[in-house]
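Q: Please give a close account of the last helix-bearing part of this model and of what packs around it. A connected description, moving from that part to the rest of the chain, would serve best.

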Amino acid sequence: MICIVDYNMGNIFSIKKKLTQLGIESVVTNEANEIADATKIILPGVGHFGKAMEQLKELNLIEVLNEEVLIKRKPILGICLGMQLMAKFSFEGDVVGLGWFDAEVKRFKMENTVENKVPHTGWNTIFSSKSSRLLKDVPDSSEFYFVHSYFVKISNIQDQLTYTEIEHPFTSAIEKENIFGVQFHPEKSHEIGSQMIKNFLDL
C-alpha cells in the first residue's frame, strides 16, 4: 500500500489522482497505524514550513515517520514542501525540520528581479548529479513544474540528486539511501513526471 501523508498542507489529492490514473492504489491518511502498514510513503506539501512542522507535531506524525523511514528504511518521496521538511532547519519561520538531511531551507534572493520572479513558478530543467533508480528513463535536462519561494541548501553534495538553475544552481532533488525528495511537482509534470512517480513505486 502506498501512503500519502495528510497533514493539512495542500496538493494531497493531485497526487492521489495521479496515482489513480497510473492504476496504483493508495491511501491518504494521518493515522500512525496506516503509515506503519504502508510499503512506501509520499510526503507532499504546499505552504509554510513552520506551519507544516506544527501540523506534524500536533498530529503526532514525527515519531512514526522517523520509525518507518530511519529505522525500518521504507522508501519515502518528499514533494515540494515535503522535501524541504527533510532538512535540519528552515529560515521560513526559523524552525527545526525533520533533520534527515544536513541542509537548510533558504529563500531565493534574485539579482535580476525582472526576469527571475519569486516565487519560482513554471517549467524548468533538472540536471542529474548522480545516477539513481528515481531517474530511470528520465532523460537529463528534462523539464518539470515548480512552484516555490524557498530552496534546500545541502551541506553534503553527495546528497544532491539533481540541480536546476535560476541565476545560480540550486538543489532540485535529493537522495540518501531510502529517502528521496523533489522540489518540483512530478504529479503536475505530464508524462515525464508520471515516469518518475512510477520509478519511485518500483523501488
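A: The account below starts from one helix, follows the elements that cover it, and ends with the chain as a whole.

The model is a predicted one. Helix α6 spans residues 190–201 and has 12 residues. From its first C-alpha to its last, α6 reaches 17 Å, close to the 16 Å expected at 1.5 Å a residue. Within α6, the buried residues are Ile192, Gly193, Ser194, Met196, Ile197, Asn199, Phe200 and Leu201. The cover over these buried residues of α6 includes one helix, α1 (12–21), together with the strands β1 (2–5), β3 (40–43), β4 (76–79), β10 (143–148) and β14 (179–182).

Among these covering elements, β4 can be followed in some detail. Ile76 and Gly78 point one way from β4, while Leu77 and Ile79 point the other way. All four of these residues, Ile76, Leu77, Gly78 and Ile79, are buried. Strand β4 runs parallel to β3, to which 3 bridges join it. In that pairing, Ile41 has Ile76 of β4 as its bridge partner. Strand β4 also pairs with β14, again in the parallel sense, over 4 bridges. Here Leu77 has Phe180 of β14 as its bridge partner. Strands β3, β4 and β14 are thus linked through β4 by parallel pairing, and each of them is also listed in the cover of α6.

The loop that leads into β14 adds a further link to β4. Asn178 lies in this loop, between β13 (168–176) and β14. With a relative accessible area of 9%, Asn178 is buried, because that value falls under the 20% limit for a buried residue. Apart from neighbours within four places in sequence, Asn178 is in contact with Val69, Arg73, Lys74, Pro75 and Ile76. Ile76, one of these contacts, is also the β4 residue that partners Ile41.

Helix α1 also belongs to the cover of α6, and Ile15 lies in α1. The relative accessibility of Ile15 is 2%, so Ile15 counts as buried. Leaving aside neighbours within four places in sequence, Ile15 is in contact with Ile4, Ile42, Pro44, Ile79 and Glu187. Ile79, named among these contacts, is one of the buried residues of β4. Ile15 and Ala38 are 23 residues apart along the chain, and their C-alpha atoms are separated by 16 Å.

Two cysteines can be considered next. The structure holds 0 disulfides. The sulfur of Cys3 has its closest cysteine sulfur in Cys80, 19 Å away, which is too far for a bond; a disulfide would require the two sulfur atoms to lie within 2.5 Å. Cys3 is buried, at 0% relative accessibility. Cys80, for which the closest cysteine sulfur is that of Cys3, is likewise buried, at 5% relative accessibility.

Away from these elements, His120 is placed in strand β8 (residues 120–125). This histidine is buried, with a relative accessible area of 7%. Not counting residues up to four places away in sequence, His120 touches Phe108, Phe146, Val147, His148, Ile166 and Phe170. His120 and Tyr145 are 25 residues apart in sequence, and their C-alpha atoms are 9.8 Å apart in space.

A further helix, α3 (residues 49–58), has its own set of buried residues: Phe49, Gly50, Ala52, Met53, Gln55 and Leu56. What covers them includes the helices α4 (62–71) and α5 (81–84), as well as the strands β5 (87–90), β6 (95–96) and β7 (101–107). Just after α3, Asn60 takes a positive phi of about 55°.

These parts can now be set within the whole chain. The protein chain has 6 helices and 14 strands. Its radius of gyration is 16 Å, close to the 17 Å that the globule rule gives for 203 residues, so the chain is as compact as a globular protein of that length. Along the principal axes, the C-alpha atoms fill a box of roughly 50 × 40 × 30 Å. Of the 203 residues in the protein chain, 54% are buried. Among contacts between residues at least 6 apart in sequence, 71% join residues at least 24 apart. The accessible surface of the protein chain comes to about 9400 Å², and 48% of that surface belongs to carbon and sulfur atoms.

Notes
Residues numbered from 1 in each chain as written. Predicted model: local features only at pLDDT ≥ 70, side-chain atom pairs only at ≥ 80, totals over all residues. Heavy atoms only, no water. Helix = DSSP H or I, 4+ residues; strand = E, 2+ residues; numbered from the N terminus. Expected span 1.5 Å × (residues − 1). Buried < 20%, exposed > 50% of the residue type's maximum accessible area, 1.4 Å probe, protein only. Contact = heavy atoms within 4.5 Å. Pairing = 2+ DSSP bridges. Rg over C-alpha atoms; globule rule 2.2 N^0.38 Å. Areas by Shrake-Rupley, 256 points an atom, 1.4 Å probe, with all protein chains shown as cover.
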